[in-house]
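Visitor: Hey, could you walk me through this one? I'm new to reading structures, so plain words please.

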Amino acid sequence: MNEPGYHIQFVFNDKVVSLSFDGSTELKPTTTVLNYLRSFPFHKGVKEGCAEGDCGACTVVLAEIKNDKLHYTTIDSCLVFLPMLHGKQLITVENLANGKELHPVQQQMVEQSGSQCGYCTPGIVMSLFGLYKNHHKPNRVVIEDALTGNLCRCTGYQPIIKAAEIACSIEDNDKFTLNSVKTKALLNEINTHSPIVIETAKQKYYKPFTLLDALRLRSQYPNAIIVNGATDIALRQTKKRELLDEIIDISDVKELKYFVEKQDYYSIGAGLQMEQLKLYAEKTLPALYQMLQIFGSLQIRNVATIGGNIGSASPIGDTLPLLFAYKAKVKLQSSITERICNIEDFIKGYRFTDLQKDELITEVMIPKPPVGTFIKSYKVSRRKDLDISTVSAGFSLLLENNKVKEIILSYGGMAAQTIRAGKTEQFLLRKEWSRTFIEDAMEILQEEFTPLSDARAEANYRSTVARNLLLKFFAETSL
Ligand SMILES: Cc1cc2nc3c(=O)[nH]c(=O)nc-3n(C[C@H](O)[C@H](O)[C@H](O)COP(=O)(O)OP(=O)(O)OC[C@H]3O[C@@H](n4cnc5c(N)ncnc54)[C@H](O)[C@@H]3O)c2cc1C
Ligand code: FES
Ligand code: FES
């Protein structure tokens, strides 16, 4: 391991900022970027609405170098711990104007009357800025997707969408583009491969940049919480007020961020963010792509990882039913061992996995399904966007002469963990893929699960949805 660093550095207001956590300030390594920014007298544009990633009032943009270019992403600053800024440029609504000249997205928000009470406006402006930097002349779908994570309760979205259309139709020559050489030089100056080690009286925070360092730290600190995108873990602090005393933050281990097509499977780094995965999945894994389109919001997908979705083992984790249907495997590595585990064997119970104390999930392997296999994903929630599943499903089906040769019916939201409808699958095997048998199967399915009633839905509703999803699958796959 290289010499460790005790402080973090990032670019802010065109300067390198160094923060140390030596007790001279109130900053903790788990202070969120939102709380840090709000402690500045002139950076209160960033707002706190929900502190859990749902409203977007706290949206800021991070820029980092990828393939020698600056890459801009929107994030919810309420879910991001300060060390996650290391090596990046932090951009807030206060940074956008060039002197007295508003940024094109700000100017259009003014001209199109995109704001009323203004509470959501800084977050919306930052989402529009992210859109401006990533898309020229975006269509309506892209614009709406960029705004999915931003809640406005008074203006209505039409003027905001209009502002996006006009601002993003002009050539990008804003001050960030004009300053890009200088910004890259600053970022190159502060980028490091040495792990960051922060040890305060109450907290330890380790931030490796290589897989080797990550695995070494994991064996050295087996009780530390692994943080990838932190979209699950951060809520333990912001909502449950827990002090997270020992953390290994693997969010910047570049070796865990890849998508590679192998001969008979897709190999995905566990640190790959959902938005990146979505882009790769569009042409390769259509059911996964479809599900990722309604996963969280862009701000969430820009940081949330596939490894984190598996690692959280939530009964309503949206990738899990589909990964069951794909017969995915996970690679688990320690500094001395490596093993491959079927996803179904890895998920052991409610938020409980087979991960050993010295291991990390490093890779997700999705086999290429045999030709002719139908794979579908379903998510039923109260809203289409940015909502938690009430019931979700991942189904796969291979027919031979219209008889069921292989079938996987996997559900989320129906039990304490992602679960297969084993009895229903057994019933359908070798039967004709027909409405008659599907209706019989729906009765078996009804008996197979005893879902919970909670704030989201009654048990009875969940059972009905689970049955009807099977019928929908039949309707979409019958010849
Ligand atoms: C507003 C909001 C919307 C959301 N929407 C959705 C949604 O639509 N669908 C959905 O399924 N989820 C959703 N989530 C939940 C969350 O975003 C996902 O579960 C996400 O994939 C977690 O990834 P992460 O990288 O942020 O995980 P983290 O919070 O970093 O970690 C989650 C868990 O996995 C473990 N872990 C992470 N990486 C590894 C690794 N490599 N090895 C071992 N353990 C690891 C961590 O220790 C932790 O226990 C949402 C969350 C928020 C706040
Ligand atoms: S404060 Fe609501 S998303 Fe961050
Ligand atoms: S302008 Fe009031 S919430 Fe959007």
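**Two crossing helices, and onwards**

Guide: Sure, let's begin with a helix pair: the axes of helix α2 (residues 104–111) and helix α5 (residues 158–167) come within 8 Å and cross at roughly 140 degrees. Keep in mind throughout that this is a predicted model.

Visitor: Okay, so what do you call the way α2 and α5 sit to each other?

Guide: Oblique. An angle over 145 degrees would count as roughly antiparallel, and the crossing here is at roughly 140 degrees, so α2 and α5 end up as oblique to each other.

Visitor: And is the crossing of α2 and α5 left-handed or right-handed?

Guide: Right-handed.

Visitor: Got another pair I can compare that with?

Guide: Try helix α17 (residues 435–448) and helix α18 (residues 459–477), whose axes come within 9 Å and cross at roughly 155 degrees. Because of that angle, α17 counts as roughly antiparallel to α18. As for the handedness, α17 passes α18 in a right-handed crossing.

Visitor: Let's switch to strands. What's the order in the open sheet of 5 strands?

Guide: The order is β2-β1-β5-β3-β4, and the pairing is mixed. At the edges you'll find β2 (15–20) and β4 (69–76), each pairing on one side only. On average, neighbouring strands of this sheet are turned by 35 degrees against each other, if you ignore direction.

Visitor: How many bridges are there between β3 and β4?

Guide: There are 8, and strand β3 (residues 59–66) pairs with β4 in the antiparallel sense. To find one spot in β4, look for His71, the bridge partner of Glu64.

Visitor: What about the open sheet of 4 strands, how does that pair?

Guide: That one has antiparallel pairing, with the order β17-β18-β19-β20. Its edge strands are β17 (374–380) and β20 (419–420), and each of them pairs on one side only.

Visitor: Who does β17 pair up with, and over how many bridges?

Guide: Strand β18 (residues 391–400) is joined to β17 by 7 bridges, and the two run antiparallel. If you want a residue to click on, Phe374 stands opposite Leu397 in β18.

Visitor: Which way do β7 and β9 pair, parallel or antiparallel?

Guide: Parallel: strand β7 (residues 204–207) and strand β9 (residues 246–249) share 3 bridges. Tyr206 stands opposite Ile248 in β9.

Visitor: And how do β8 and β9 pair?

Guide: In the parallel sense, over 3 bridges. Ile248 turns up again here, as the bridge partner of Ile226 in β9.

Visitor: New topic: the ligand. Which residues come nearest to ligand 1?

Guide: There are 28 residues around ligand 1, and the nearest are Gly53, Gly229, Gly308, Asn309 and Gly311. The elements giving two or more residues to this shell are β8 (225–227), α13 (306–311) and β16 (360–367).

Visitor: Which of those gives the most?

Guide: α13 does, with 4 residues.

Visitor: How does the shell split by class?

Guide: It has 12 nonpolar, 12 polar and 4 charged residues around ligand 1.

Visitor: Last one: which domains does the shell draw at least three residues from?

Guide: Domain 1 (7–94 + 178–249) and domain 3 (257–477) each supply at least three residues to the shell around ligand 1.

Conventions:
Residues are numbered from 1 along each chain as its sequence is written. Chains are lettered from A and ligands numbered from 1 in the order in which they are written. This is a predicted model: local features need pLDDT of at least 70, side-chain atom pairs count only at pLDDT 80 or more; totals for chains, interfaces and linings use all residues. A residue is near a molecule or strand if its C-beta atom, placed from the backbone, lies within 6 Å of it. Ala, Val, Leu, Ile, Met, Phe, Trp, Tyr, Cys and Pro count as nonpolar, Asp, Glu, Lys and Arg as charged, and the others, Gly among them, as polar. Domain bounds come from an automatic or database domain assignment. Two strands pair if DSSP finds at least two bridges between them. Axes are lines fitted to C-alpha atoms, for helices over the stretch in contact, and angles run from 0 to 180 degrees between N-to-C directions. Angles under 35 degrees count as roughly parallel, over 145 as roughly antiparallel, 65 to 115 as roughly perpendicular and the rest as oblique. A crossing is left-handed if the near helix is turned anticlockwise from the far one by less than a right angle, and right-handed if clockwise.
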